[in-house]
Each structure stands twice: as C-alpha cells, then as structure tokens.
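I opened this structure to look up its pockets, one helix and a few single residues. My notes follow in the order I took them.

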Amino acid sequence: MEQNKDRLSIDVAKLYYQSDYSQQQIANKLDLSRPTVSRLLQHAKDKGFVQINIIDPVEDNSALEEALCEKYNLDVVKIAYAPLNTTNEIKKSISRKAADYLHEIAKDGDIIGVSWGTTIYNMALNLKHKALKGVQIVQLKGGISHSQSNTYAYEVVELFSE
C-alpha cells in the first residue's frame with residue numbers, strides 16, 4: 001500500500017513540478033480530489049522524493065561571510081537569511097543552514113557533539129541522510145529533568161544518529 005502511495009506521489013510530483021500541471025488538472029486527469037493531490041505532493045516532499053531549492057541571488061552573503069572570517073579570525077561563517085523577522089522563521093533558517101553545513105563537513109569516524117533545545121531539534125529535523133561509518137553522536141550537556149518546556153534532548157541524539 002505504501003509503495004503505491006509513493007509511486008502515485010512521485011507521478012503527481014512529476015506532473016506538477018516538471019510538466020507544470022495545476023493541482024486541479026492533475027486531479028482531473030488522475031480522477032483524484034484536489035486536496036488528495038495536495039496531500040500527495042506533501043508526501044513526496046516528506047519522503048524526500050521532491051526537494052525544492054530556491055536560488056536567491058540577493059541572499060549571496062559570501063562577501064559578508066568572508067569579511068567576518070577575516071575580522072574575527074574565524075575559519076567558517078555561515079549566514080542564514082529569514083524571509084520574516086519572527087522567532088519561528090529565524091529558527092527555521094538557522095536550523096536549515098546548520099543542517100546543510102553539517103551534511104557538507106561530516107565524514108567517516110567523526111565524533112559529533114550535540115546540545116539540546118528547540119533550535120538544535122529543528123536542525124536535527126532538517127538533517128539529510130548521509131551514509132557514514134564509525135560516526136559517534138555525543139550529548140554535550142545532559143537533559144533537564146524538570147523544565148517548563150520540552151528540551152528535545154533525547155530526540156536530538158536520536159535524529160542525529162539516524
């Protein structure tokens with residue numbers, strides 16, 4: 001059943017993203033409801049069958065990153081841009097940028113130290129699978145037993161390990 005849903009979601013995604021059909025046109029052609037088409041497109045994104053990459057020439061921060069490296073004697077600087085100045089959007093942008101950077105630099109045999117909290121948890125949710133051998137995930141500071149909010153300590157380690 002899941003394999004059929006995967007296949008259908010890929011077909012729907014190809015019609016939508018590659019053939020430029022509207023969701024309603026796809027629904028009509030495949031005898032589906034428009035909300036079902038929307039859910040299948042989301043399923044394709046959630047399963048990694050569809051990856052959306054937005055190229056924003058205005059967001060090229062390489063000169064600023066380089067200037068910060070020079071000024072503060074840093075090896076690497078990554079600047080994350082948020083489309084809205086809200087805590088949630090800033091957290092999403094930082095999390096995606098950090099996950100992409102970790103994917104770029106992680107290699108076999110690394111020991112990756114992680115903390116906990118909502119930003120690190122969001123980073124963990126944004127990690128892409130990378131087949132590595134001998135990598136160890138280490139929690140740098142223990143979890144909080146009695147906290148007003150969820151620290152996601154266990155979930156972070158689990159997601160990084162996956």
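Entry 1, helix H5. I began with what lies against this helix: the buried residues of H5 pack against strand S1 (111-114), H6 and H7. I then listed those buried residues, and they are Glu89, Lys91, Ser93, Ser95, Ala99 and Leu102. For the length, I noted that H5 has 19 residues and spans 27 Å from its first C-alpha to its last, close to the 27 Å expected at 1.5 Å a residue.

Entry 2, confidence. I noted that this is a predicted model. The chain has a mean pLDDT of 89, and 94% of its residues reach 70 or more. I also looked at the elements of the chain: the lowest mean pLDDT, 85, belongs to H7, and the highest, 96, to H2.

Entry 3, the largest pocket. I found that this pocket holds about 1,400 Å³ of space. Its lining is made of 31 residues, and those nearest the centre are Ile52, Arg96, Asp100, Asn126 and Lys128. Two or more lining residues come from each of helix H3 (34-46), helix H4 (62-72), helix H5 (87-105) and helix H6 (118-126). Which element gives the most to this lining? I found that H5 does, with seven residues. By class, I recorded 13 charged, 10 nonpolar and eight polar residues in the lining of the largest pocket.

Entry 4, the second largest pocket. I recorded about 470 Å³ of space here. Its lining has 20 residues, and Leu127, Lys128, Leu159, Phe160 and Glu162 are the closest to the centre. H5, H6 and helix H7 (153-161) each supply at least two residues of this lining. By class, the lining of the second largest pocket has 13 nonpolar, four polar and three charged residues.

Entry 5, positive phi. I kept in mind that most residues other than glycine have a negative phi. I noted Asp20, a residue other than glycine, with a positive phi near 60°. Asp20 sits in the loop between helix H1 (2-18) and helix H2 (23-30). Is Asp20 buried or exposed? It counts as exposed because its relative accessible area is 65%, and the cut-off for exposed is over 50%. I also noted Asn73, again a residue other than glycine, with a positive phi near 55°. Asn73 lies in the loop between H4 and H5. I entered Asn73 as exposed, because its relative accessibility is 71%.

Entry 6, Ser62. I placed Ser62 in helix H4. Its relative accessible area is 39%, so I entered Ser62 as partly exposed. I then looked at Ser62 and Ile79: they are 17 residues apart in sequence, and their C-alpha atoms are 8.5 Å apart in space.

Entry 7, Gly117. I found Gly117 in the loop between S1 and H6. Why does Gly117 count as buried? Its relative accessible area is 15%, and buried means under 20%. Leaving aside neighbours within four places in sequence, I found Gly117 in contact with Thr151 and Tyr152. I also noted Asn88, which is 29 residues from Gly117 along the chain, with 13 Å between the two C-alpha atoms.

Definitions and conventions:
Residues numbered from 1 in each chain as written. Predicted model: local features only at pLDDT ≥ 70, side-chain atom pairs only at ≥ 80, totals over all residues. Heavy atoms only, no water. 1 Å grid on protein atoms, 1.4 Å probe; cavity = no way out; pocket = protein on both sides within 12 Å on 5 of 7 lines; lining within 4 Å. Points joined across faces, edges and corners; volume = space filled by probe spheres on them. Helix = DSSP H or I, 4+ residues; strand = E, 2+ residues; numbered from the N terminus. Nonpolar A, V, L, I, M, F, W, Y, C, P; charged D, E, K, R; others polar. Buried < 20%, exposed > 50% of the residue type's maximum accessible area, 1.4 Å probe, protein only. Expected span 1.5 Å × (residues − 1). Contact = heavy atoms within 4.5 Å. pLDDT = per-residue confidence, 0-100.
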